[in-house]
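Open the model in your viewer and keep the selection panel at hand. The tour goes stop by stop.

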Amino acid sequence: MTVMNTKRQHIEDKPKVARSRIFQPFRAIGYITNDVPFVVENRGQSYFLTTSAGSNFQTYNADKMNLLFVGPTTESPITAMTSANGITYAACNTSILGYKRGKEVSRVSSQGKFSILQILVLGPYVAGLCDDNTLKMWNTATGELYTEIEFGEQFTATAMIHPSTYLNKILVSSTQGTLQIWNIRTNSLVYQFKPFGSPITCLTQSPVVDVIAVGMLDGTVQLHNIKVDERIDSVRQEDRVTAISFRTDEEPMMATANMHGDVALWDLNTRRLVHNMKGAHDASISSLAFLHGQPVLVTGGSDNAVKQWLFENNSAVPLPLKYRSGHYAPPSKIRFLGTTGNYIVSAGRDQSLRAFSIRRDAQSFEFSQGSLASKANKKNVKMHDLKLPQIIDFDTSMTKEKEWDNIATCHLNDHGVRTWTTFKKSKGKHTLLSTDKSAVKTTAISACGNFILAGCASGQVEMFNLQSGAHRKTFGGSDGHKKTITGVASDHTNRRLISASIDKSVKIWDFKTAQLIHTVELESPVVHILFLRENDLLAVACDDLGIRVIDVETQKVVREFWGHRNRITDMTFSPDGRWIVSSSLDATVRTWDLPSGAMVDIFRVQDVVTSLTFSPVGDYLATSHVDNVGIFLWANRTQFSNVSLHHITDEDSNAAILPLPSLGSDVDIDESDTDALVEPIDPVSTSEQLTEKMITLSLESRSKWQNLLNLDTIKQRNKPTEAPKLPEKAPFFLPTLPGAAPEFDLAQEKEASHSKEAVYMSQLHHVTEFTRLLSQGQSSQDFTAFVTYCKSLGPSAVDLELRSMTIDGELTVLNQFLEAIAFMLSTRRNFELAQAWLSVFCVIHGDLIVANPENPIHSKLEIILSQQQTEYSRLSEKIHYGLCLIDFVRKA
């Protein structure tokens, strides 16, 4: 029975939120293919492979298996595909959509409730074999239904093919083991073949005209001449035939696949089996294709993998060439690798450990578990049977990546910890066994990357050296846990080790001596812990559906979060340590704000989240879900927009149900919903200065006063190498010299005498706005208008005004300017501007001030100096006081 805590907050009804405040569906990774057959299309010398992955299709370059393109998201999952004339056709529900370079160019559909199982393109028409036992044909240009064939109860269609050279004919197979040829133009049955003795599962055109390969449910593959209705030959493999392909180079070979992931290779000359590729895939193979004229076989299966096999030197045994694969069972735990956020490490229920790149699909890889293929061949078993047990927990560290192993995993019902290396992308050299032979339930790597911590079912924690694999110490004994360990962690400096157990306690140990320091007793068994080394906060998920946050430094519970309605599956900290994001079996993902202790975001998903992790750079949240083999990325809205976050009290029914991200990041965002999330904020009245006792800087840009101080350097740097010269103007009538041959007098120059008059600056008494405001401010003892005017000027304009000051015998304007500076310092406003203007003023007029020692300007400079010393002493005292207070709190 769940015990409710009195600290839980009352949940109130609120209007339904349109979408998550923080997270937005971005895209999915880890999907390669499914049970829909792929399509191979050649353009020139290049081959392109198009696979289906749910509601998207993906196009790969067959040469390097690089992902080239992800198609748009369809309304429902794709059930069949084909391609013709550069257009990819995808069937979803009752529609067939045509795409060219990712843009929809055609769409045909019909009314009714049916799904399209297979499609063929015949010129301007497209035919679809439907699960309502009909064959429908549409005109792609007009979108109209051209014809429809109903087969009746005695013939249940399973597959169709357009035989080569058979104009307007379609060959259809059935579960009754018969074949029919239909004329689609006249909508009439041409011929029905004799029964084959078993339900027919697939049809393939052979390189020979009139010969069709017929695959059956009992494993028989029959080569049949449909022109004379005659059996040519037949072979038999294990179980149902799912795909057939013929080699089109000089070797007469046929490949057949079954539902167990095996591929049988048959020599058509000798009519015998030459090789059986046992366990080529881990699940049913949906499609086979030999590349035209090349010794390369491409296979695709429902194990989320596409593989290429190469036949060398007339050998019948192919070698693995290239492949792309992902999990074929849902991931159980995911974590970002390192601090860059480029890779996600994922442990799946398919007994594999993989790393997925969120930047480039080709960089994803599976960690090798050794030469399983050769061992499987020797023992005549499948590779799946030789893999390590399912991984239930793992931890990573990039500190010593290039020196030794840096990943630790523990496995289901296993008493050992395995090490892995990301540098070599393979299993490491250590298998670390618990001393009491009890199963290892959780594991962690220390911050230094030197030690592995293993929490056991017996309640003790083992420590091993990651470099040598040697056992170092055991945390347990009479002070240890009495039941299974559910979480273990260490701090940044290896001073403390933290362990949690289902015995309702969290224990803090001395890392060096293995002595118990403190025990935190809780009200419920601990399911999972998460330690953030940067701030020594430990998040603890308990069986009572609550999340408690423990400050390891003070050894006290500082926060409690309540709201989940079912067991908590996982949680993660945001990189800045401000949020905790948690998931639960109630299908919700909640975001908790640590400073305020409130829930600030919640959304629901259709499939329960099994694991989640936050990117180290804060841009993505990654989630894994039940019944989904991929990893889903959610963009963090706060990275690119202003999001207003407030305390949320929720009902599960009020949480928005968000669709999972698709393969292509083409999720439509309803801006009206987004705007509704940002609540209007009342405008806040601001003042130039909060109080007269505070030194206040201006709101001007930093470059405004910095460029003023370095204006001479900037002008020198931007000065052209040579001053531009005006071109000489030629006279309208060019003067000529006397003679038989015409010659121009280019040496003649006009002499123009211009009277030059000397103008002295002391004779100019021009009153500018600058000097007028200075004089006005001196009269009223308020230079606010002058300061405002100067702030509106640029650096060059201020420099020009300072250099153009009128110089008289009393230095009147200079004295007025210093009075304005003293006014700015006394009011403690625009402090940095006053410093910059005073610095430039002293540089320009410093020699003039020194040459007039009896002028009152010296007393004004002394006043300014005194003001600066007073403010500096006051500011320095405040800074030192704050530093001493911080140092005291840190040491205490």
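A crossing is left-handed if the near helix is turned anticlockwise from the far one by less than a right angle, and right-handed if clockwise. Keep that in mind for the helix pairs below. Note too that this is a predicted model.

**Whole chain**

Start with everything shown. The protein has 892 residues, and buried residues make up 50% of them. Its secondary structure comes to ten helices and 59 strands. Consider contacts with a separation of 6 or more: residues 24 or more positions apart account for 47% of these.

**Stop 1: helix 8 and helix 9**

Select residues 812–827 for helix 8 and 831–850 for helix 9. Their axes come within 10 Å and cross at roughly 155 degrees. Helix 8 and helix 9 are therefore roughly antiparallel to each other. Look down through the pair: the crossing of helix 8 and helix 9 is left-handed.

Now show side chains. From helix 8, pick Leu-814, Phe-817, Leu-818, Ile-821, Met-824 and Leu-825. They meet helix 9 residues including Phe-831, Trp-837, Leu-838, Phe-841 and His-845. Colour this contact by class and you get 13 nonpolar, two polar and no charged residues.

**Stop 2: helix 8 and helix 10**

Keep helix 8 and add residues 857–891, which are helix 10. These two pack at about 15 degrees, with axes 10 Å apart. That angle makes helix 8 roughly parallel to helix 10. Helix 8 passes helix 10 in a left-handed crossing.

Which residues make the contact on the helix 10 side? They are Ile-857, Lys-860, Leu-861, Ile-864, Gln-867 and Gln-868. Helix 8 contributes, among others, Asn-815, Glu-819, Ala-822 and Ser-826. The classes here are eight nonpolar, four polar and two charged.

**Stop 3: helix 5 and helix 6**

Select 769–780 for helix 5 and 784–791 for helix 6. The packing angle is about 155 degrees, and the axes lie 8 Å apart. So helix 5 is roughly antiparallel to helix 6. Their crossing is left-handed.

Glu-769, Phe-770, Leu-773 and Leu-774 of helix 5 touch this partner, which answers with Ala-785, Phe-786, Tyr-789 and Cys-790. By class, that is seven nonpolar, no polar and one charged.

**Stop 4: the largest nonpolar core**

Centre on Phe-786, Phe-817 and Trp-837. These touch the most other members of the largest nonpolar core, which has 34 residues. Helices 5, 6, 7 (795–803), 8, 9 and 10 each supply at least two of its residues. Helix 8 gives the largest share, ten residues.

Zoom in on Phe-786. What does Phe-786 contact, leaving aside neighbours within four places in sequence? The list is Phe-770, Leu-773, Leu-774, Phe-817 and Ala-820.

Apart from this core lies another, of 21 residues. Select Val-600, Phe-603, Val-605 and Leu-663, which are among its members.

**Stop 5: Ile-485**

Finish in a strand. Ile-485 is found in strand 42, residues 485–490. Is Ile-485 buried or exposed? Its relative accessible area is 1%, and buried means under 20%, so Ile-485 is buried.

Draw a distance from the C-alpha of Ile-485 to that of Ser-501. They are 16 residues apart along the chain and separated by 4.3 Å. Beyond four places in sequence, the contacts of Ile-485 include Lys-441, Thr-442, Gly-455, Cys-456, Val-461, Ala-500 and Ser-501.

Terms used:
Residues are numbered from 1 along each chain as its sequence is written. This is a predicted model: local features need pLDDT of at least 70, side-chain atom pairs count only at pLDDT 80 or more; totals for chains, interfaces and linings use all residues. Side-chain values use heavy atoms; hydrogens and water are left out. Axes are lines fitted to C-alpha atoms, for helices over the stretch in contact, and angles run from 0 to 180 degrees between N-to-C directions. Helices (H or I, at least four residues) and strands (E, at least two) are DSSP runs, numbered from the N terminus. Angles under 35 degrees count as roughly parallel, over 145 as roughly antiparallel, 65 to 115 as roughly perpendicular and the rest as oblique. Contact means heavy atoms within 4.5 Å. Ala, Val, Leu, Ile, Met, Phe, Trp, Tyr, Cys and Pro count as nonpolar, Asp, Glu, Lys and Arg as charged, and the others, Gly among them, as polar. A nonpolar core is a set of buried Ala, Val, Leu, Ile, Met, Phe, Trp, Tyr and Cys residues joined through side-chain atoms within 4.5 Å. Buried means under 20% relative accessible area, exposed over 50%, partly exposed in between (1.4 Å probe, protein chains only).
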